[in-house]
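Subject: Structure handover

Dear colleague,

I am handing over the structure we discussed, and my notes on it follow. Please read them with the model open.

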Amino acid sequence: MAFKKLFKNLRTPVSELDTERLRKFCESRQGVTSIAELPARVEGTVVGEITSMRIVPRAGSPSLEATITDGSGSLVVVWTGRRKISGVTPGKRLVVSGRGAASGPRGRLLIFNPSYELI
């Protein structure tokens, strides 16, 4: 039985193993919703890992955007008026609470100025 699992892990791409590990970590947290199940315009809490960040000028004021994934989906978190936040960097895991709004043609969730906690 152990050989089957070992052989499967050797054949599976690293990105799939990382996604599965992240999904299991996020599911183990109490009181959070997966990103795929989070409805728009409803207050919710999700946990995930920052995959990318960028600074976007909006109406003369910078905004820090972070894309967060939990293995089931992804969302974009926007902090207005910020260029950086200490500790918030790609690869870090965090708990984010806020009200999501569907944006763009694919309806990806966007949360403005959420409360957050680094893990």
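A residue counts as exposed when its relative accessible area is over 50%, as buried when that area is under 20%, and as partly exposed in between. By that rule R41, at 66% relative accessibility, is exposed. Please keep in mind that this is a predicted model.

R41 is also worth a look for its backbone. Its phi is near 65°, a positive value in a residue other than glycine. R41 sits in the loop between α2 (14-28) and β1. N113 is another non-glycine residue with a positive phi, about 45°. The loop that holds N113 is the one between β6 and β7. With a relative accessible area of 44%, N113 is partly exposed, since the exposed class begins over 50%.

Now the overall layout. The protein chain has 2 helices and 7 strands. Read from the N terminus, the order of elements is α-α-β-β-β-β-β-β-β. Of the 119 residues in the chain, 31% are buried. The chain exposes about 7,700 Å², and 53% of that area comes from carbon and sulfur atoms. Taking contacts between residues at least 6 apart in sequence, 50% join residues at least 24 apart.

The sheet comes next. It is open, contains 7 strands in the order β5-β6-β3-β2-β1-β4-β7, and has mixed pairing. β5 (101-103) and β7 (115-118) each have a single partner strand, so these two stand at the edges and one side of each has no neighbour in the sheet. From one strand to the next the twist averages 40°. At the β5 edge, 3 bridges join that strand to β6 (residues 108-112), and the two run antiparallel. Within this pair, A101 is opposite L110 of β6.

Which residues have the most contacts inside the largest nonpolar core? They are V46, I50, I68, L75, V77, W79 and V96, in a core of 16 residues. The elements that contribute two or more residues to this core are β1, β2, β3 (74-80), β4 and β6. As background, nonpolar side chains in soluble globular proteins tend to be buried together. V77 can serve as an example of the surroundings. Beyond its neighbours within four places in sequence, V77 is in contact with L64, E65, A66, I68, V96, I111 and P114.

There are 3 salt bridges in the structure.

- R99 pairs with E43, and the closest N and O atoms are 3.8 Å apart. R99 belongs to strand β4 (residues 93-99) and E43 to strand β1 (residues 43-58), so to speak of sequence, the partners are 56 residues apart and the pair links distant parts of the chain.
- E49 pairs with R93 at 3.4 Å, N to O. This pair also links distant parts of the chain, with E49 in strand β1 and R93 in strand β4, 44 residues apart. E49 has a relative accessible area of 23% and is partly exposed. R93 is partly exposed as well, at 25% relative accessibility.
- E65 pairs with R54 at 2.9 Å, N to O. E65 lies in strand β2 (residues 61-69) and R54 in strand β1, so the pair ties together parts that are 11 residues apart in sequence.

Is E65 buried or exposed? At 9% relative accessibility, E65 is buried, because the buried class covers anything under 20%. Its partner R54 is exposed, with a relative accessible area of 52%. Leaving aside neighbours within four places in sequence, the contacts of E65 are S52, M53, R54, V56, R58, V76, V77 and V78. The list includes both its salt-bridge partner R54 and the core residue V77.

If you open only a few sites, I would suggest E65 with R54, the surroundings of V77, and the two loop residues R41 and N113.

Regards

Key. Residues are numbered from 1 along each chain as its sequence is written. This is a predicted model: local features need pLDDT of at least 70, side-chain atom pairs count only at pLDDT 80 or more; totals for chains, interfaces and linings use all residues. Side-chain values use heavy atoms; hydrogens and water are left out. Two strands pair if DSSP finds at least two bridges between them. Helices (H or I, at least four residues) and strands (E, at least two) are DSSP runs, numbered from the N terminus. Axes are lines fitted to C-alpha atoms, for helices over the stretch in contact, and angles run from 0 to 180 degrees between N-to-C directions. Buried means under 20% relative accessible area, exposed over 50%, partly exposed in between (1.4 Å probe, protein chains only). Contact means heavy atoms within 4.5 Å. Accessible areas come from the Shrake-Rupley method with a 1.4 Å probe; for residues, only the protein chains shown count as cover. A salt bridge is a side-chain nitrogen of Lys or Arg within 4 Å of a carboxyl oxygen of Asp or Glu. A nonpolar core is a set of buried Ala, Val, Leu, Ile, Met, Phe, Trp, Tyr and Cys residues joined through side-chain atoms within 4.5 Å.
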